[in-house]
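Visitor: I should like to learn how to read the features of a protein model, taking one element at a time. Where shall we begin?

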Amino acid sequence: MPVNKCRVCGSKFFKAPLLRYGNMPRAAQYLPDKSGLKKDKAMRLEIRQCSGCGLVQLNSQPVPYYKEVIRASGVSEEMKAFRKKQFSGLVQNFSLKNKKIIEIGCGRGEYLSIMQKCPLKAYGLEYSKISVNYCVKNGLKVSKGFIDNADYKLNKGPFAAFYILSFLEHLPEPNSVLKGIFNNLEDGAIGLVEVPNFNMILKNNLFSEFISDHILYFTRETLEFTLRLNGFDIIDCSEVWKDYIISCLVRKRKSLDLAHFGKHKSRLKKEIENYLRRFKNKKIAVWGAGHQAFAAISLMGMGGKIRYVVDSAAFKQGKYTPATHIPIVPPDRLKADPADAIIVMAAGYSDEVARIIRKDFGASLNIAILRDFGLEVV
């Protein structure tokens with residue numbers, strides 16, 4: 001059955017196909033011999049584009065052998081020289097010496113054999129049993145398998161780095177593969193992801209580049225989107241190998257560390273507590289009924305210490321602060337029921353509010369402004 005939505009972001013395709021090709025080769029590998037010509041039939045190819053992320057893709061099912069990596073160009077002497085220089089730079093620039101790296105879809109070890117000569121521990125994953133046996137016989141550390149879900153466990157993991165070269169475009173479920181890779185990496189691990197360059201295909205009118213083996217057709221933008229969606233930050237993305245390849249260097253995204261928020265909150269709470277002690281048994285007010293003020297009042301434990309919250313927005317007046325239940329009143333309450341001190345929590349309007357308070361409610365009122373850096377007495 002044809003696919004009707006994007007394989008990466010799940011959005012619908014544009015209504016009309018970009019192209020329809022008839023009489024197309026059914027596959028680019030496992031070519032028919034003379035005895036198989038009667039069974040070999042052409043197929044119809046339909047090229048669609050996602051209306052959400054923009055990724056161009058086929059709406060057909062993948063070829064039967066899509067899990068296998070079959071390379072011809074990998075044995076080119078020019079390509080070997082390119083990979084040797086590229087891999088050596090990767091190891092040196094990211095301090096990968098003696099660390100573990102894995103190639104996802106290593107074929108017969110064309111690239112893995114080059115990577116193995118670098119000073120690191122190189123491993124490979126390949127689905128084809130024949131290719132795996134070939135690699136093992138030639139001294140390469142290769143396991144048989146294919147990442148088809150986020151929980152897939154790789155032998156010898158976690159890894160400090162990975163690379164997947166001209167394979168991602170074959171995969172009908174790229175998110176599952178990339179998430180599976182992500183979950184087998186060390187924190188901060190780096191990766192090299194390469195795909196055929198659809199930007200170049202567009203520029204040079206290479207209409208014959210479409211083939212049933214390639215499900216996905218990435219531009220730099222759609223490749224970066226796909227990688228970011230699956231947990232990777234982009235270090236660099238460029239066109240290489242005579243612009244035929246998009247080469248993307250990525251890093252496994254780390255979770256943010258917000259421990260400094262807690263430290264800052266604790267310090268600020270102490271400042272506010274010290275300020276409130278100066279007015280023990282006196283009337284203290286807050287000016288500002290915005291979300292930051294509500295959170296600060298609650299998190300700083302000010303609920304039972306504030307007489308009322310002033311705000312000039314009429315629709316808030318007569319209501320109460322959420323969680324702490326302090327009445328919200330209009331500014332003229334400061335005249336009818338004067339406060340001894342007021343803490344301004346009005347974010348970008350705080351200085352303006354402080355000037356209004358001084359002008360309209362007297363110079364004797366003690367005023368402090370809650371700043372990003374702390375409590376400032378004005």
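Guide: Let us begin with a helix, bearing in mind that the model is predicted. Helix α6, residues 220-229, has T222, L223, E224, T226 and L227 as its buried residues.

Visitor: Against which elements do the buried residues of α6 pack?

Guide: They pack against α4 (174-182) and against the strands β8 (185-196), β9 (216-217), β10 (232-240) and β11 (245-252). Just after α6, G231 adopts a positive phi of about 100 degrees.

Visitor: Which residues touch the most other members of the largest nonpolar core?

Guide: That core has 41 residues, and F162, L168, I181, L223 and F232 touch the most other members. Two or more residues come from each of β4 (100-104), β5 (121-126), β7 (159-165), α4, β8, α6, β10 and β11. A second core, separate from this one, has 25 residues, among them M115, A122, C135 and Y163.

Visitor: Which residues does F162 touch?

Guide: Leaving aside residues up to four places away in sequence, F162 touches I101, I102, I181, L185, I190, G191, L192, V193, F232 and V250.

Visitor: How should one read a sheet, and what is the strand order in the sheet of seven strands?

Guide: Strands of a sheet pair through backbone hydrogen bonds, in either a parallel or an antiparallel sense. Here the seven strands form an open sheet with mixed pairing, in the order β6-β5-β4-β7-β8-β11-β10. Its edge strands are β6 (142-144) and β10, each of which pairs on one side only. From one strand to the next, the twist averages 20 degrees.

Visitor: In what sense do β7 and β8 pair, parallel or antiparallel?

Guide: Their pairing is parallel and extends over six bridges. Within it, F162 has G191 in β8 as its bridge partner. Two helices may be considered next. Helix α3, residues 129-137, packs on the sheet where it touches β5 and β6, and its direction makes about 160 degrees with that of β6. Helix α4 also packs on the sheet, touching β4, β7, β8, β10 and β11, with its direction at about 120 degrees to that of β10.

Visitor: What is the strand order in the open sheet of six strands?

Guide: The order is β14-β13-β12-β15-β16-β17, and the pairing is mixed. Strands β14 (328-329) and β17 (375-377) stand at the edges with a single partner strand each, so one side of each has no neighbour in the sheet. Strands β12 (residues 284-287) and β15 (residues 341-344) pair in the parallel sense over four bridges. A285 has I342 in β15 as its bridge partner.

Visitor: Which strands does helix α10 lie across?

Guide: Helix α10, residues 350-361, lies across β12, β15 and β16 (366-370), running at about 170 degrees to β16.

Visitor: How should one read charged pairs, and how many salt bridges does the structure hold?

Guide: Side chains of opposite charge can pair when their charged atoms come close. This structure holds 15 salt bridges. In one of them, R48 meets E46 at 3.3 Å, N to O. R48 is buried at 12% relative accessibility, and E46 is buried at 14%.

Visitor: Which residue forms a salt bridge with K283?

Guide: D337 does, with the closest N and O atoms 2.9 Å apart. This pair links distant parts of the chain, 54 residues apart: K283 is in the loop between α7 (259-277) and β12, and D337 is in the loop between α9 (333-336) and β15. K283 is partly exposed at 29% relative accessible area, whereas D337 is buried at 10%.

Visitor: Which residue forms a salt bridge with R371?

Guide: The partner is D351, and the closest N and O atoms are 2.6 Å apart. R371 lies in the loop between β16 and β17 while D351 is in helix α10, so the pair ties together parts 20 residues apart in sequence. D351 is partly exposed, at 35% relative accessible area. Elsewhere, salt bridges that share partners join K283, R307, R333 and D337 into one network.

Visitor: How should one read cysteines, and how many disulfides are counted?

Guide: A disulfide is a covalent bond between the sulfur atoms of two cysteines. The count here is zero.

Visitor: Why is C248 without a bond to C237?

Guide: The sulfur of C237 is the closest cysteine sulfur to that of C248, but at 3.4 Å it is too far for a bond; the cut-off is 2.5 Å. C248 is buried, at 0% relative accessibility. For C135, the closest cysteine sulfur is in C106 at 4.5 Å, also too far for a bond. C135 is buried, with a relative accessible area of 0%.

Methods. Residues numbered from 1 in each chain as written. Predicted model: local features only at pLDDT ≥ 70, side-chain atom pairs only at ≥ 80, totals over all residues. Heavy atoms only, no water. Pairing = 2+ DSSP bridges. Contact = heavy atoms within 4.5 Å. Axes fitted to C-alpha atoms, helices over the stretch in contact; angles between N-to-C directions. Buried < 20%, exposed > 50% of the residue type's maximum accessible area, 1.4 Å probe, protein only. Core = buried A, V, L, I, M, F, W, Y, C linked by side-chain atoms within 4.5 Å. Salt bridge = Lys/Arg side-chain N within 4 Å of Asp/Glu carboxyl O.
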